[in-house]
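User: I'd like to go through this one and check what the labels rest on. Can you take me through the reasoning?

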Amino acid sequence: MSETPSGMAEQILAFCEELRSEDVAIGTSEIQDAFRALEIVPWTEPVDFRESLATTLAKSPKDREIFDLVFDRHFFRATEAASLEFAPEGGEGRKAALSDEVREELSMEALAEAIRQAIAEGDESAMNELARLAIEAFGRQGESSGVVGVDMQRIRRGLGLSPSSDTSGDGEADGENLDRDQIARFERQLRRELQRQQIQKQGQLPPARPLSDLNRALPMRGAQDLAAVHKAVAQMKRRLATLGHDPRGAKRGRTVDMRRTMRSSLETGGVPLNLKYRPRRPRKPEIYVLCDVSTSVSSASTFFLSVLHALHDSFRKLRSFVFIERISEVTHVFEDERDFTAIAEKITATGGVADISGYTDYGRVWNEFYADVSADLGPRSTVIVLGDARTNGRPPAEDAFARVADRANRTFWLNPEPELYWNYGDSVMSAYTPFCDGAFECWKTEHLEQFVDVVASGKVEHFGTTTRKYTSGHRY
Amino acid sequence: MAATPQAVPRSPAEVAEALRDASYLADDSTALIAFLAQRLGKPVLVEGPAGVGKTELAKALSRATGRELVRLQCYEGLDEAKALYEWNYRKQLLQIQATASTQDEGATPVGMGEIFTEDFLLERPLMKAIANPDPVVLLIDEIDKTDQEFEAMLLELLSDFQITIPEMGQISATTHPIVLLTSNNSRELTEALKRRCLYLWLDYPARDREIEIIRLHAPEIDEALAGRLVDVVDMVRELDLKKPPSIAEAIDWARTLILMGADDIDEKVFRESLSIIIKHRTDLDLVAEKIVPRLGGSGSSNGSSANGAG
């Protein structure tokens with residue numbers, strides 16, 4: 001198309017820089033691709049512009065998520081900065097088509113009608129213009145309060161936009177109700193316009209904030225976030241599904257099947273051209289998961305339970321336990337139920353894990369687990385503990401844990417607290433870590449993925465904070 | 001279909017139009033990326049859940065551009081002998097024996113140049129795509145199933161469209177193939193591979209588009225029923241299933257409904273045809289419990305019993 005203006009190029013470079021600062025890996029070749037793409041795409045179309053950048057720069061669903069956040073933030077700020085610098089009011093297109101007196105006459109009802117139509121059609125640029133008009137109209141009525149949130153409320157009420165309202169007769173003339181998503185899109189435009197006007201009034205941009213870590217942290221609060229938890233786990237599920245297959249790319253150490261090699265060499269006149277290998281038997285791990293469901297980790301336990309849920313889908317040989325003061329096996333619950341909320345209810349109702357106080361008793365849990373289950377542990381077992389190691393001052397009984405870890409092949413500990421808080425207060429993490437093959441903090445999705453990589457690959461050295469495996473015998 | 005193989009599209013809209021003619025309804029970003037792939041000559045990495053039409057996109061592109069489709073299905077343990085080329089050992093051996101018997105005993109042995117020529121080369125899909133005199137569409141399906149070494153081997157092909165055979169030298173593509181790689185995201189692909197590709201995330205289509213798709217492939221279905229079907233399929237997809245229904249299954253279901261002569265999806269019809277879209281026993285239970293009561297009609301009490309689903 002036309003030549004890219006130099007200001008544009010700088011903008012895009014700045015945008016890429018911003019993406020990099022949010023940990024999206026962008027190489028120079030990718031930036032070149034982006035520019036080449038923009039040369040041939042009609043980039044004046046907002047959607048084409050955005051998609052061209054996205055396809056060349058963001059190369060995983062996660063990157064794409066960050067891309068969208070940064071894109072909105074960056075180009076919103078960029079246009080604002082530009083409009084502060086140059087003369088305000090660069091109205092074009094639809095807005096210019098409406099002369100001033102027409103706009104003056106545009107009644108609220110007509111406006112509401114036009115907005116309804118634009119929302120129904122999903123026309124983004126029309127919505128944008130109309131949002132601007134709506135704000136203007138409200139400004140004329142002298143209702144503008146100067147606070148974005150308050151104005152939003154007023155305009156929304158004035159236009160009578162709600163998913164299934166029957167307030168005004170003529171609003172329903174189209175015969176169909178607007179669904180919530182479409183209205184949300186219009187409101188996003190509206191909010192953005194309001195912010196834009198505020199920036200113009202104040203003549204400066206609010207400070208840029210990096211995407212907070214929380215934006216990417218594991219969603220742990222409240223039942224309504226369950227869907228988000230599952231989304232985070234869904235990716236892990238796919239990874240786990242391939243688990244138990246051979247570690248990839250390791251052809252080393254394969255043994256030659258002499259018999260089949262000789263047989264196939266007959267085809268080539270007795271010259272063994274093709275070596276035949278013995279097939280590898282994939283390792284089928286047995287996994288034991290112990291999950292703390294006490295109040296001190298209540299926010300995390302929803303998440304952990306859904307991890308358990310996901311694990312059950314992926315492993316045939318998985319036994320799960322929940323514990324507070326006592327331990328209780330819940331494998332059957334997961335086998336009988338598919339629905340997560342039902343599982344969570346059943347576990348809290350019938351788990352029978354809280355005795356009197358409701359405080360975690362790690363010592364008792366280890367002793368019970370050792371007494372009941374350890375006979376089944378063997379060289380193929382992996383034990384995973386999900387808990388914060390806060391004993392409420394009770395004895396940690398690390399020797400019982402050590403015996404469990406000794407019987408199992410590998411033992412991992414996932415702690416929902418940042419590593420910084422370990423061993424503060426009643427946390428006795430350090431008593432257990434020497435016996436684990438790896439202890440991980442686990443409060444972000446990355447942590448979880450890192451852990452899955454470890455379990456899948458069998459590499460521990462790189463990740464675990466502690467790698468020393470307990471050697472039996474010297475403690476008791 | 002109408003386009004000649006050499007034609008280069010001028011705008012994303014044109015690509016979308018061509019894909020539509022090849023009975024594939026692409027959304028804006030898919031059309032845009034297909035357009036970019038042809039104009040920039042870059043491979044496209046397509047990711048997304050199973051059954052959203054990743055492979056179908058490649059087939060449609062091949063139909064739309066009039067190019068031949070060369071497909072390489074990846075699996076664990078795939079190596080270059082099966083993907084690139086292989087020497088035809090038997091033929092080489094015969095050649096050696098044949099020349100040895102015709103010549104006298106003191107004659108010079110068969111030279112390397114005589115048995116390492118194209119006559120003794122078995123072309124595998126990637127080689128075929130490169131060596132083809134006409135431009136092709138190359139589909140490398142489920143790249144995430146292979147191991148990292150194989151990915152590394154692809155790099156030369158993807159960035160320069162050439163293959164190096166030690167005994168013969170480089171073979172470069174005479175024409176630019178359109179390359180599509182699909183992945184179900186079962187493992188993270190290497191940065192090096194991603195850097196060479198455009199990225200397209202395909203997701204389940206929006207409601208209106210899916211209705212359109214279904215009506216395109218099952219034209220006999222009436223609009224109201226198609227809408228109802230898509231709504232139900234959407235509901236099912238929202239559950240946490242082992243295998244959510246794909247677009248292809250939704251189309252199959254639409255065809256089934258036509259054959260059944262159903263004009264609405266009520267509890268009875270749903271139960272009878274459920275197995276078209278749900279293919280896991282535990283999923284069947286979950287769907288019977290969650291979806292069936294929401295279908296309305298007679299709110300019978302056996303909504304929670306699972307055995308009626310099969």
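**Labels and their cut-offs**

User: Before the labels, what am I looking at in chain A?

Analyst: There are 20 helices and six strands in chain A, where helices (H or I, at least four residues) and strands (E, at least two) are DSSP runs numbered from the N terminus. This is a predicted model, in which local features need pLDDT of at least 70, side-chain atom pairs count only at pLDDT 80 or more, and totals for chains, interfaces and linings use all residues. Residues are numbered from 1 along each chain as its sequence is written, chains are lettered from A and ligands numbered from 1 in the order written, and side-chain values use heavy atoms, leaving out hydrogens and water.

User: And what does chain B hold?

Analyst: Chain B has 14 helices and nine strands. Of its 310 residues, 49% count as buried, meaning under 20% relative accessible area, with exposed over 50% and partly exposed in between (1.4 Å probe, protein chains only). For chain A, 44% of the 476 residues count as buried.

User: Why are α2(A) and α2(B) called roughly perpendicular?

Analyst: Their axes cross at roughly 105° and come within 10 Å. Axes are lines fitted to C-alpha atoms, for helices over the stretch in contact, and angles run from 0 to 180 degrees between N-to-C directions. Under 35 degrees is roughly parallel, over 145 roughly antiparallel, 65 to 115 roughly perpendicular, and the rest oblique. The two helices are therefore roughly perpendicular to each other.

User: Which residues meet there?

Analyst: Asp33(A), Arg36(A), Ala37(A) and Ile40(A) in α2(A) meet Phe35(B), Leu36(B), Arg39(B) and Leu40(B) in α2(B), with contact meaning heavy atoms within 4.5 Å. They divide into five nonpolar, no polar and three charged. For that split, Ala, Val, Leu, Ile, Met, Phe, Trp, Tyr, Cys and Pro count as nonpolar, Asp, Glu, Lys and Arg as charged, and the others, Gly among them, as polar.

User: What makes Phe323(A) and Tyr362(A) an edge-to-face pair?

Analyst: Rings of Phe, Tyr and Trp (its six-membered ring) pair if their centres lie within 6.5 Å; planes under 30 degrees apart count as stacked, over 60 as edge-to-face and the rest as tilted. There are 24 aromatic pairs over all chains. In this one the centres are 5.4 Å apart and the planes at 70°, so edge-to-face it is. Phe323(A) sits in strand β2 and Tyr362(A) in helix α17, so the pair ties together parts that are 39 residues apart in sequence.

User: How do you know that Phe323(A) is buried?

Analyst: Its relative accessibility is 0%, so it counts as buried. Tyr362(A) also has 0%, and is buried.

User: Then why is the pair of Tyr362(A) and Tyr432(A) called tilted?

Analyst: The planes are 40° apart and the centres 6.2 Å, and an angle that is neither under 30 degrees nor over 60 counts as tilted. This pair links helix α17 to helix α19, 70 residues apart. Phe323(A), Tyr362(A) and Tyr432(A) belong to one aromatic cluster, which also includes Trp366(A) and Trp413(A).

User: What makes Tyr199(B) count as buried?

Analyst: Tyr199(B) has 4% relative accessibility, so it is buried. Tyr199(B) lies in strand β9 of chain B. Among the residues it touches, not counting those up to four places away in sequence, are Thr55(A), Pro61(A), Ile33(B) and Glu47(B). Tyr199(B) and Val46(B) are 153 residues apart in sequence and 6.2 Å apart in space, C-alpha to C-alpha.
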